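Here are some exercises to work through with the model in front of you. Try each task before you read its solution.

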Amino acid sequence: MNVRTVLGRFPAGGPRGSWPAEELAHAARLEGQQAEVVMDIATDMFLVIVRGADTAATASA
C-alpha cells in the first residue's frame with residue numbers, strides 16, 4: 001500500500017510566476033523531509049507530499 005502525507009494543496013491555475021507548491025516542498029526538504037510535488041489530475045491541484053509517512057493526515061494512493 002502506498003501511503004503519503006499531503007503537506008499542501010495548490011490550484012494548478014495559480015498566478016503566473018508563482019510556484020507555491022515548489023516553494024513549500026523546498027522548505028520541507030530544508031527541514032529534512034523528502035517532499036515532492038505531484039499533480040492530482042482529478043482535482044486539478046498540485047500536491048506537496050511525503051511518501052511513506054504514517055501520520056493522521058495521510059491519504060492512501
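**Exercise 1. Find out how confident the predictor is along the chain.**

Start with the whole chain: this is a predicted model, and its average pLDDT is 85. Next, look at the share of well-scored residues: 84% reach at least 70. Then look for the weak stretch. Over residues 55–61 the pLDDT stays under 50, and the model has 15 contacts for this stretch beyond four places in sequence. Take care when you read anything into that part of the picture.

**Exercise 2. List the helices and strands in order.**

Count first: there is one helix, along with four strands. Now walk along the sequence, and you will meet them as β-α-β-β-β.

**Exercise 3. Work out how strands S1, S2 and S3 pair.**

Begin with S1, residues 3–11, and S3, residues 45–51: they run antiparallel and are joined by seven bridges. For one position to check, find Pro11, which stands opposite Met45 of S3.

Move on to S2, residues 35–40. S2 also pairs with S3 in the antiparallel sense, this time over six bridges. Here you can check Val37, whose bridge partner in S3 is Val48.

Put the two steps together: S3 pairs with both S1 and S2.

Finally, trace the hairpin of S2 and S3. Four residues lie between its strands, and Asp44 has a positive phi near 55°.

**Exercise 4. Decide which residues of helix H1 are buried and which are exposed.**

Use the cut-offs: buried means under 20% relative accessible area, and exposed means over 50%. In H1, which covers residues 20–30, Ala21, Ala25 and Ala28 are buried. Looking down the axis of H1, you find its buried residues within an arc of 60°, so they line one face of the helix. The spacing rule helps here: an α-helix has 3.6 residues a turn, so residues three or four places apart point the same way.

Now turn to the other side of H1, where Glu23 and Leu30 are exposed. To complete the picture, ask what covers the buried residues of H1: the cover includes S1, S2 and S3. Just past the helix comes Gly32, with a positive phi near 95°.

**Exercise 5. Describe the chain as a whole.**

First, burial: 23% of the 61 residues are buried. Second, contacts: of those with a separation of 6 or more, 60% are between residues 24 or more positions apart. Third, surface: the accessible area is about 4300 Å², and carbon and sulfur atoms account for 54% of that.

Technical notes. Residues are numbered from 1 along each chain as its sequence is written. This is a predicted model: local features need pLDDT of at least 70, side-chain atom pairs count only at pLDDT 80 or more; totals for chains, interfaces and linings use all residues. Side-chain values use heavy atoms; hydrogens and water are left out. pLDDT is the predictor's confidence in each residue, from 0 to 100. Contact means heavy atoms within 4.5 Å. Buried means under 20% relative accessible area, exposed over 50%, partly exposed in between (1.4 Å probe, protein chains only). Accessible areas come from the Shrake-Rupley method with a 1.4 Å probe; for residues, only the protein chains shown count as cover. Two strands pair if DSSP finds at least two bridges between them. The arc is that of the directions from the helix axis to the C-beta atoms.
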